[in-house]
Amino acid sequence: TAVVTMADGGDADEVAGGAGAAVFGDSANLKQAIALINTGIPEGKLPKLLQKILEKLHLPDVKPFSSEEEETLSEAFEVEHAVLTTMLDTISFLLETIAYKQLGPKDVAAETRKAGLGENQAAVFGKVWASLGPGVIQKLRDRAFFSREATDVSWRLNLMLAQASQAKTKQINAQFEVNVASKGNKDKKVQMEFTHGELFKFFTQLEIIQNQLDQLS
């Protein structure tokens, strides 16, 4: 969950009066993810799903669902875990952006519909936000900012040869080292390693974050 800076303002419906046509951006990945929500989440299950995510939206290091709950959802929705993760992350992104913009319920329904959500799904977003939105915005305003930041990133590609049934196979991964600065403490180096598939998923998440930052600029 991204850090949210909330502005002091009046009623959410009044603040949202100038909502634009591309509140959530228009990246291809976002459109594909929203299409998954339309087809992958039963309409009747969506309200509780949104409520669960909103309950923890202000907590940056806390996932809305446990691993066991995600497994249950994956089976209930009959989707692979990777698809479920994409849908949940996209819903979180939509809700975070709604909070950033302080959209009113009517604008939430209208803008999520413009973004590609089905009419019924968009109406659910608006209804749930009308009930829980004000409380979520207040929690985001009260939340402390991060005191750490990444100051430098280095990377390299690593190629390993493995023997499999007398045939050599190549395994390529990317290794990253991130220098993290923290006020009052020594810098720390965080090391990460990604396979091709993991790196693609990571960059997809970065694209969503960048899109969110662009909406704030």
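How many aromatic pairs does the structure hold? In this predicted model, the count comes to three aromatic pairs. In one of them, the ring centres of Phe194 and Phe202 lie 4.9 Å apart and the planes of the two rings meet at 25 degrees, so this pair is stacked. The cut-off behind that label is simple: planes under 30 degrees apart count as stacked. Phe202 also takes part in an aromatic pair with Phe203, and here the arrangement is tilted, with 6.0 Å from centre to centre and 40 degrees between the planes. Taken as a group, Phe176, Phe194, Phe202 and Phe203 make up one aromatic cluster.

The members of this cluster can also be described by their accessibility. Phe194 has a relative accessibility of 11% and counts as buried, because the limit for a buried residue is under 20%. Phe202, with a relative accessible area of 30%, is partly exposed. Phe203 is likewise partly exposed, at 43% relative accessibility.

It helps to place these residues within the chain as a whole. Eight helices and three strands are found in the chain. Read from the N terminus, their order is α-α-α-α-α-α-α-β-β-β-α. The chain has 217 residues, of which 37% count as buried. Among the contacts with a separation of 6 or more, 65% are made by residues 24 or more positions apart.

One such link across the sequence can be followed from strand 1, which covers residues 148-164 and includes Ser154. Ser154 has a relative accessible area of 33%, and is therefore partly exposed. Leaving aside residues up to four places away in sequence, Ser154 touches Gln175, Phe176 and Glu177. Phe176 in this list is also a member of the aromatic cluster described above. The C-alpha atoms of Ser154 and Val178 are 6.6 Å apart in space, while 24 residues separate the two in sequence.

Helix 3 offers a view of how burial is arranged along a single element. Within this helix, residues 46-55, the buried positions are Leu46, Leu49, Leu50, Ile53 and Leu54. Looking down the helix axis, these buried residues fall within an arc of 130 degrees, so they line one face of helix 3. Which elements cover that buried set? The covering includes helix 4 (67-77), helix 5 and helix 7 (119-142).

Gln51 belongs to helix 3 as well. With a relative accessibility of 34%, Gln51 counts as partly exposed. Its contacts, not counting residues up to four places away in sequence, are with Val128 and Leu132. Gln51 and Trp129 are 78 residues apart along the chain, yet their C-alpha atoms are separated by 8.8 Å.

Attention now turns to the loops. Most residues other than glycine have a negative phi. Where do the residues Glu78 and Gln102 lie? Glu78 sits in the loop between helix 4 and helix 5, and Gln102 is in the loop between helix 5 and helix 6 (105-115). The phi of Glu78 is near 60 degrees, a positive value in a residue other than glycine. Gln102 also has a positive phi, near 50 degrees, and is again a residue other than glycine. Are these loop residues buried or exposed? Glu78 is exposed, since its relative accessible area of 73% is over the 50% limit. Gln102, in contrast, counts as buried at 5% relative accessibility.

The last feature to introduce is the second largest pocket, which has a volume of about 290 Å³. This pocket is lined by 15 residues, and those closest to its centre are Asn29, Ala33, Thr86, Phe200 and Thr204. Helix 2 (28-40), helix 5 (81-101) and helix 8 (196-216) are the elements that each give two or more residues to the lining. By residue type, the lining of the second largest pocket consists of seven nonpolar, six polar and two charged residues. Helix 5 thus appears in two settings, as a contributor to this lining and as part of what covers the buried residues of helix 3.

Notes
Residues are numbered from 1 along each chain as its sequence is written. This is a predicted model: local features need pLDDT of at least 70, side-chain atom pairs count only at pLDDT 80 or more; totals for chains, interfaces and linings use all residues. Side-chain values use heavy atoms; hydrogens and water are left out. Rings of Phe, Tyr and Trp (its six-membered ring) pair if their centres lie within 6.5 Å; planes under 30 degrees apart count as stacked, over 60 as edge-to-face and the rest as tilted. Buried means under 20% relative accessible area, exposed over 50%, partly exposed in between (1.4 Å probe, protein chains only). On a 1 Å grid over the protein atoms alone, a cavity is a set of points where a 1.4 Å probe fits but cannot get out, and a pocket is an open set with protein on both sides within 12 Å along at least five of seven lines; lining residues have an atom within 4 Å of a point. Grid points are joined across faces, edges and corners, and a volume is the space filled by probe spheres set on the points. Helices (H or I, at least four residues) and strands (E, at least two) are DSSP runs, numbered from the N terminus. Ala, Val, Leu, Ile, Met, Phe, Trp, Tyr, Cys and Pro count as nonpolar, Asp, Glu, Lys and Arg as charged, and the others, Gly among them, as polar. The arc is that of the directions from the helix axis to the C-beta atoms. Contact means heavy atoms within 4.5 Å.
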